[in-house]
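Colleague: Before I use this model, I would like the reasoning behind a few of its labels.

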Amino acid sequence: MPGHDRTPIGGYHNGLPVSWLPAGWKAERDGSIRTPAGRKPCEFVSPVLHGREGLQNVETAVDAIKERGARVNESCGLHITISWNGDAAALARLISLIANHEKAIYASTGTRRRERNQWAKQIKTYGNKDAAKTRCERDRYHLLNLTHLARGRQRIEIRAFAGTLNKTKLIGYIQMILGLAELALNQKRCAGWDYAKKPGTKSCWDRPDAGHGETELNRLFYRLGWTKGWYKGDLRNKRFGELTVGENGCDFRPVKKKLLDLARKYDQAI
């Protein structure tokens, strides 16, 4: 935030209400945010939000935050917390899905910093869903944070995303995580921990000259039903994570375009 801004900022996990944001939003300090001279660090925390109205609430808040003069830099992150009431089998499916699509999630940030830093560590390296569950329950600094759930609080946190004030990216990230959670809750089979195509085979999500991150993000779009071709029968037109708007639902085209552009940026990063 600009150094002259008078918004009250509370302590870590002790945020203060922000009068110029929608009801329930708070501002608090976070020691991991670094700012240049003339700026001050601030983390904005939303209240519990629901459905399309929740997305609209986020959009309104982002507009106000930008108008206030806030900026993000590479020290900023975006954490998405969602309610979770699935049983043990559903949680195992969620952990496996996130590990299976971990590369796509990181690629959608457009940077390799989130994949490499200590605040959002990878989980696929743990080798299986049980080992990953144990580590994510003990240490919150993972792509998937399960420490709240381990303490009996019905929520999980995804920490993979870079800080942003771009509404298209925010909407895409929120619906991506909701889609993975919806898949885990409603499907019966557990995704394989390691995905590997047979040598010489070509899949519907492959694109000429696409890098690994872009290819994996395309695969996730098919998995979520955001691109048609993965599902047949009753699920043919299902789009997981969709927050319905009237009869036509959400338009995923701008979200997909933006996230694929970021995946290409990720593939070009060193």
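The exchange below takes the labels one by one.

Modeller: Keep in mind that this is a predicted model. The chain has nine helices and six strands.

Colleague: Why is the chain called as compact as a globular protein of its length?

Modeller: The globule rule gives 18 Å for 270 residues, and the radius of gyration of the chain is 19 Å, close to that value, so the chain is as compact as a globular protein of that length. Its C-alpha atoms fill a box of roughly 60 × 40 × 35 Å along the principal axes.

Colleague: What share of the residues counts as buried, and what makes a residue buried?

Modeller: A residue is buried if its relative accessible area is under 20%. Of the 270 residues, 47% count as buried. The accessible surface of the chain is about 14,200 Å², and 48% of that belongs to carbon and sulfur atoms.

Colleague: What makes β4 and β5 edge strands?

Modeller: Each of them pairs on one side only. The open sheet has the order β4-β6-β5, with antiparallel pairing. β4 covers residues 77–83 and β5 covers 144–145.

Colleague: How do you know that β4 and β6 pair?

Modeller: Two strands pair if there are at least two bridges between them, and β4 and β6 are joined by six bridges, so they pair. β6 spans residues 155–162 and runs antiparallel to β4. I158 in β6 is the bridge partner of I80.

Colleague: How far apart are the mean positions of the positive and negative charges?

Modeller: They are 2 Å apart, for 48 positive and 28 negative charges.

Technical notes
Residues are numbered from 1 along each chain as its sequence is written. This is a predicted model: local features need pLDDT of at least 70, side-chain atom pairs count only at pLDDT 80 or more; totals for chains, interfaces and linings use all residues. Side-chain values use heavy atoms; hydrogens and water are left out. Helices (H or I, at least four residues) and strands (E, at least two) are DSSP runs, numbered from the N terminus. The radius of gyration is taken over C-alpha atoms; the globule rule is 2.2 Å times the number of residues to the power 0.38. Buried means under 20% relative accessible area, exposed over 50%, partly exposed in between (1.4 Å probe, protein chains only). Accessible areas come from the Shrake-Rupley method with a 1.4 Å probe; for residues, only the protein chains shown count as cover. Lys and Arg count as positive and Asp and Glu as negative; His and the chain ends are not counted. The place of a charge is taken as NZ of Lys, CZ of Arg, CG of Asp or CD of Glu.
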